Amino acid sequence: MRCHFSIEEFMKEIVASSSQIKLLQEELEDVILHANENEKLFSAGKISKEVYKENKARLIKEKNQLRKKINVELSKLIKIINETKKLMEANRI
């Protein structure tokens, strides 16, 4: 019974981690869209160069932070998957 519980817990962790990655990817997509909009607004002369540069710097920082979070979560997910695989092999499931 304990082995089944452990696998079940691993599966819950995999689903939770996958959901977190999806949310972070959606946030990253939004930031990229905002960066593109910032470029368009500047090119159309609707925002100043100063505002453009401030927005660009902020958006680059946000993109980098989100990418880092995604990479951390992916590493966590890979570890969970590897542990699940080990447990399944040990129990010949």
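Modeller: Before we look at any residue, take one definition with you: a residue is called buried when its relative accessible area is under 20%, exposed when it is over 50%, and partly exposed in between. Keep in mind also that this is a predicted model.

Biologist: How many helices and strands should I look for in the chain?

Modeller: The chain has 2 helices and 0 strands. Helix α1 covers residues 2-43, and helix α2 covers residues 49-90.

Biologist: What are the spans of the C-alpha trace along its principal axes?

Modeller: They come to about 65 × 15 × 15 Å. The radius of gyration tells a related story, since the chain has 20 Å, whereas a compact globule of 93 residues would have one near 12 Å.

Biologist: What share of the 93 residues is buried?

Modeller: Buried residues account for 23% of them. The accessible surface of the chain is about 7200 Å², and 57% of that surface belongs to carbon and sulfur atoms.

Biologist: Now to the charged side chains: how many salt bridges does the structure hold?

Modeller: The general idea is that side chains of opposite charge can pair when their charged atoms come close. In this structure there are 6 salt bridges, and one of them joins Glu 62 to Arg 58, with their closest N and O atoms 2.9 Å apart.

Biologist: Where do Glu 62 and Arg 58 lie?

Modeller: Both lie in helix α2, 4 residues apart, which is about one turn of the helix. As for their surroundings, Arg 58 has 44% relative accessibility and so counts as partly exposed, and Glu 62, at 26%, is likewise partly exposed.

Biologist: How far apart are the closest N and O atoms of Glu 83 and Lys 86?

Modeller: In that salt bridge the distance is 3.5 Å. Glu 83 and Lys 86 are 3 residues apart in helix α2, again about one turn. Here you can practise the opening definition, because Glu 83 at 38% counts as partly exposed, while Lys 86 at 51% counts as exposed.

Modeller: Some salt bridges also share partners, and in this way Glu 8, Glu 9 and Lys 12 are joined into one network. Within it, the side chains of Lys 12 and Glu 8 meet at 3.7 Å, N to O. These two residues are separated by about one helical turn because they stand 4 residues apart in helix α1. Lys 12 is partly exposed at 48%, and Glu 8 is partly exposed at 33%.

Biologist: Turning from charged to nonpolar residues, which residues make up the largest nonpolar core?

Modeller: Such a core is a set of buried nonpolar residues joined through side-chain atoms within 4.5 Å. The largest has 7 residues, namely Leu 24, Leu 28, Val 31, Ala 35, Leu 59, Leu 66 and Ile 70. Helices α1 and α2 each supply at least two residues of this core, and α1 gives the most, with 4 residues. There is also a second, separate core of 5 residues, among them Phe 10, Ile 14, Ile 21 and Ile 80.

Biologist: Is Asn 38 buried or exposed?

Modeller: Asn 38, which has its place in helix α1, counts as buried, because its relative accessibility is 4%. The side chain of Asn 38 reaches the backbone oxygen of Tyr 52 at 3.1 Å. Leaving aside neighbours within four places in sequence, Asn 38 is in contact with Ile 47, Tyr 52, Asn 55, Lys 56 and Leu 59. Leu 59, counted in that way, is in contact with Val 31, His 34, Ala 35 and Asn 38.

Biologist: Which residues does Thr 84 touch, not counting those up to four places away in sequence?

Modeller: Thr 84 touches Phe 10, Met 11 and Ile 14. Thr 84 lies in helix α2 and is buried, with a relative accessible area of 5%. Its C-alpha is 9.5 Å from that of Glu 8, although the two residues are 76 apart in sequence. For the chain as a whole, among contacts between residues at least 6 apart in sequence, 76% join residues at least 24 apart.

Notes:
Residues numbered from 1 in each chain as written. Predicted model: local features only at pLDDT ≥ 70, side-chain atom pairs only at ≥ 80, totals over all residues. Heavy atoms only, no water. Salt bridge = Lys/Arg side-chain N within 4 Å of Asp/Glu carboxyl O. Buried < 20%, exposed > 50% of the residue type's maximum accessible area, 1.4 Å probe, protein only. Contact = heavy atoms within 4.5 Å. Polar contact = N/O pair within 3.5 Å; in protein donor to acceptor, adjacent residues only side chain to side chain. Rg over C-alpha atoms; globule rule 2.2 N^0.38 Å. Areas by Shrake-Rupley, 256 points an atom, 1.4 Å probe, with all protein chains shown as cover.
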